[in-house]
Structures are given as structure tokens and as C-alpha cells.
Amino acid sequence: MPDHDARFLFQGQELLNVSGGGEWLFETGHGTGDSDWAQLRNVLAPRFPGLPAEPDKMDADIITCPTNLDNDEAELLLERINDLTRVTLLQPGDNLIQPADIHQRILTTRKLEILDLAVEGSPYPIWSTDPDGRITWANDAYYQLAQSAGTHQDEDIPVLFDLPQNLPPASPRIRLSLTLKESDSNIWFDVTSSETGSGQMHYGIDINAVVQAEIAQRNFVQTLTKTFAQLSIGLVIFDRKRQLALFNPALIDLLGLSPEFLSARPTLLSFFDRLRDMQIMPEPKNYRNWREDMSDLVCAATDGNYLDTWNLPTGLTFRVSGRPHPDGAIAFLFEDISSEVSLTRRFRSQLEVLQALVDEMPQAVAVFSPACVLTFANAAYRDLWHCDPDSSFSDLTLEDARRHWRHQCAPETDLTHIQPSLQTPLVLQLQNGDTISCRVLPLVGGSFAVAFAQDETLAPPRLMPQTA
């Protein structure tokens, strides 16, 4: 074979013979692959993408692969004879030039064109400087940015960023701002510099949106911090490593923990251990299971299902809840509900006293809401009408009560007059022959009571409005 031709002979994917020009192309192409055919394909595919991945995948015994580049008339001829495949690079023109040289020159030119398009078409500024810091080249985005900034200098390429002469090797990136002429606002860039043989190359990335987001986040955190500082509920947040990340002043006031202890960022278990030592949380019945209980507490808080009431020996009562936070963090809220619990207990005690007092009344009393729903009945009412309204799952209305009363009254008794607006007492005849008086008593808030007594001169109980 002529020395300048590029010819290859394969048996399967193994190279059997190659011309001088083909050998030069094969060696200088820096091809990689598991087989000789794969190496050759990696060398030629950037110029001849139609080259099959394997010789067995040829569509015909003779195929021609054109190039994908303009003004390149070369072709790749593939011939298959039995299990042999011959690949010939047909390069028209001056056949004295080595095909490897032409191939490398074409690919190098194409690579330079692509790099030029990529650099000039980049939306971010790119520029180079010499060892003295003078700008020697810049892309179109740099010039457009200079025009927006209104930079006017004697040099052909204006200087937009004041870069330090020597950046530390560990931090080749620096954040700089640039003031725009029209909007009089700053835009921020991350400028990355790298050493070249003749100076430095600099790449600017627009991070204005990132900076604005950081400012917004910082303002939001400050707002939250002020809000947390004014909360009466104690708040503590543990990060994903279960170390204390944030707490508010109310936590110190409620739990009595020292600021030094909290500022040291204790772990979650250390935090609750300190609460247990200070008797601020209920003492566990079995200390051996203390760690397991804490693990269950953390799991429940992570799922947002932890809610407990701590009744302390000091008489204080805390409502403690756990809530998940982003990135695996969890937050605990401590609320002092001692006054609320005390008020509830005192109110419940008063209700029990009033309930006992009303149950001792000889009059049968039923209290209805403004919507005519039965809300209360004393013991005399249950004995008179032989019913227990509390045993019903559904609400009993005034109509339901009249229907029940009618069953125990004489057939000719008219109960339709028992309405919230009734002002005069009624006399009701029971089936057993007894006579009772019925009177409607208006109460506070639109409620009313229906009272029944054996005496027709029924006197309104004075305690009923206050009881309701």
C-alpha cells in the first residue's frame, strides 16, 4: 500500500494490517476502546459519524461514510469480504499530504470554531489578563456588560472588576458587584480565575438572583428572630445532627435554663437530661428505659405527632409539642398552661357544685340552647319523665322532648304551646292522673329552661339563669 494512504484491514474487530499513513493516523489519534475497531472508531467518528460501531453491523458489503463538516470532500470507504473488513480513507486533492495530518488539522480547526462559538456566545463575561493584570481579550458578553455599566476608559477593553493581583490557591473565586448606569443598582458576579501560560483567564457568573435570595432570607430570619423573641411560648430547634440550633428568650424564662448551657449547643438528649435533672419534666418510672423513651419522643416529633402535658411537682403544667422542620431538623414548643389548667379545674369544680345543687331541686328542669337543643337536665327531670338525655348519641331537640312528654301525658293534652316565647304557666295532665305545672324561663344568650313542678304556682328558680 502507498505510504501516504490510510488503509486498515480488520478480521472481526482485530486489526490485521495497516498502511503507513493509516498507522500514523491510528497512533496520533489517541483513540481509546476495548478493541482495535473501537479505537479506530473513536479517532474517525468525530469526522465520520456514520462509521458503524461494529463491522458486523454494516448494511451492505460496500458502504461509504461522508463527513459531517462543510468543505470537506473526504469519504470513508468500507468493504467487507467474508470475515474481513477493509477501511479506506479517501482524501481528494494533494495525496502527498499524510491523511493523519489532514485529519488532525480539520478536527483542530473544527474544535477551534466550536470553542470560539461557545466563548463568544456565552451569556457570561469571560476575559483574559496578562501577568501585569492588563486585559488582553474579552468576549461579547463582557463588552455588553461594559456598555450597560457605562464604563469609559482610554483602553480598548474597559476594566469592570477590581480583581486582586494574587488570589489564594484555595479560593480562586471572588464575589464582586457592578453598578449599572441606567438602573443605578448593583448586580453581583462570582468571578473565577485560573492560571494560563501567559496570564490568567477569568469567568464571571451572574449571581444576582442568589444574592437577592440571600438578602431576602437574611431579612426573613431577622423577622422570625424578632417574632420568636416576642413569643411567650418557649421554642427550641435541633438540627439534623440533633444539636441545638435555635432558641428564644421565652425558653429561658419558662424552663430556667442558663444561656451558657443553651449557647453551647447541647445535643437533644443532653437537653432533656438537663430538664430531667432540674425536675422540669416528669421523672421516668423506669430509668433504664429512659433512652428508649427519648428515641420514641424524637421519632414522634419527627413525624409531627408528639404532644404531651407535663404535670410537674412544682404545680406547673407544660404543654410540649414536637414538630418536624426542613432538612431533618425538629422543633419543640413549651407552653405554660398552668393558669389554663387551674381555671379549667376551678370551672369544672364549680360546674360539679352547681350540678349537685340543681339535682337537689324538687323541680324538673330541662335547659335548651337557642337552637332548641337539649343541653342539660337535672335528676328530677329524669325521674319525672323516665329518661336520660345524656345516654343519647344524637342531639335531642325541643320537638323530640315534646314527643316524649306526650307519651306520658293524657291524650287530650296539647304540648304545642311549650315554646321559647311561652310566658304563662301551663297545666299538664299525666296518664297516671297527676297534674303538673310547666313554665318556660328565658335564660342568658337566647337559651331557655322548661321547668315542671307538682304545684301549679310554680316559682322560677333564681339560680337557673346563672347556672346556664
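**Exercise 1. Work out which residues surround histidine 103 in this predicted model, and what its side chain pairs with.**

Solution. Start with the neighbours: setting aside residues up to four places away in sequence, histidine 103 touches Leu25, Val43, Leu44 and Arg47. Next, place the residue: histidine 103 sits in helix α3, which covers residues 99-120. Now pick out the polar partner. The side chain of histidine 103 makes a polar contact with the side chain of arginine 47, at 3.3 Å. Last, check the exposure: with a relative accessible area of 0%, histidine 103 falls under the 20% cut-off, so we call it buried.

**Exercise 2. Lay out the sheet that holds β1 to β5, and say which strands are at its edges.**

Solution. Take the order to begin with: 5 strands make an open sheet that reads β2-β1-β5-β4-β3, with antiparallel pairing. The edges are β2 (14-18) and β3, each of which pairs on one side only. Going from one strand to the next, the twist averages 20 degrees.

Then add the helix. Helix α1 (residues 20-28) lies across β1 (6-11), β2 and β5. Its direction is at about 80 degrees to β1.

**Exercise 3. Go through the pairing of β4 with β3 and with β5, residue by residue where you can.**

Solution. Begin with β3. Strand β3 (residues 62-66) and strand β4 (residues 75-81) run antiparallel and are joined by 5 bridges. Two residue pairs help you get the register: isoleucine 63 has leucine 78 of β4 as its bridge partner, and threonine 64 stands opposite leucine 77 in β4.

Move over to β5. Here 7 bridges join β4 to strand β5 (residues 84-90), again in an antiparallel arrangement. Isoleucine 81 has its bridge partner in β5, namely leucine 84.

Finish at the turn. The hairpin of β4 and β5 has 2 residues between the strands, and asparagine 82 takes a positive phi there, near 55 degrees.

**Exercise 4. Describe the sheet that holds β6 to β10, together with the helices that pack on it.**

Solution. Write down the strand order: β7-β6-β10-β9-β8, 5 strands in an open sheet with antiparallel pairing. On the edges you'll find β7 (135-138) and β8 (173-179), each pairing on one side only. The twist here averages 30 degrees from one strand to the next.

Now bring in the helices. Helix α4 (residues 140-149) lies across β6, β7, β8 and β9 (186-196), and it runs at about 105 degrees to β7. Helix α5 (residues 208-230) also packs on the sheet, where it touches β8, β9 and β10 (199-206). The direction of α5 makes about 125 degrees with that of β9.

**Exercise 5. Is serine 128 buried or exposed, and what does it touch?**

Solution. Locate it: serine 128 is found in strand β6. That strand spans residues 126-129 and is joined to β7 by 3 bridges, the two running antiparallel. The bridge partner of serine 128 in β7 is tryptophan 137.

Then look at the exposure. The relative accessibility of serine 128 is 11%, under the 20% cut-off, so serine 128 counts as buried.

Now list the contacts. Beyond four places in sequence, serine 128 touches Arg134, Ile135, Thr136, Trp137, Gln200, Met201 and His202. With threonine 136 there is also a polar contact, side chain to side chain, at 2.9 Å.

**Exercise 6. Do the same for isoleucine 252, then set it against a residue far along the chain.**

Solution. Isoleucine 252 has its place in helix α6 (residues 249-255). Its relative accessible area is 22%; that lies between the 20% and 50% cut-offs, so isoleucine 252 is partly exposed. Apart from neighbours within four places in sequence, isoleucine 252 is in contact with Phe247, Leu257, Pro259 and Leu262. As for leucine 422, it is 170 residues along the chain from isoleucine 252, and their C-alpha atoms are separated by 59 Å.

**Exercise 7. Compare the overall dimensions of the chain with those of a compact globule.**

Solution. Take the reference value: a compact globule of 468 residues would have a radius of gyration near 23 Å, whereas this chain has 46 Å. Turn to the extents next: along its principal axes, the C-alpha trace spans about 135 × 60 × 60 Å.

Round it off with the totals. The chain has 13 helices and 20 strands. Buried residues make up 36% of the 468. The chain exposes about 27700 Å², and carbon and sulfur atoms supply 51% of that.

Definitions and conventions. Residues numbered from 1 in each chain as written. Predicted model: local features only at pLDDT ≥ 70, side-chain atom pairs only at ≥ 80, totals over all residues. Heavy atoms only, no water. Pairing = 2+ DSSP bridges. Helix = DSSP H or I, 4+ residues; strand = E, 2+ residues; numbered from the N terminus. Axes fitted to C-alpha atoms, helices over the stretch in contact; angles between N-to-C directions. Contact = heavy atoms within 4.5 Å. Buried < 20%, exposed > 50% of the residue type's maximum accessible area, 1.4 Å probe, protein only. Polar contact = N/O pair within 3.5 Å; in protein donor to acceptor, adjacent residues only side chain to side chain. Rg over C-alpha atoms; globule rule 2.2 N^0.38 Å. Areas by Shrake-Rupley, 256 points an atom, 1.4 Å probe, with all protein chains shown as cover.
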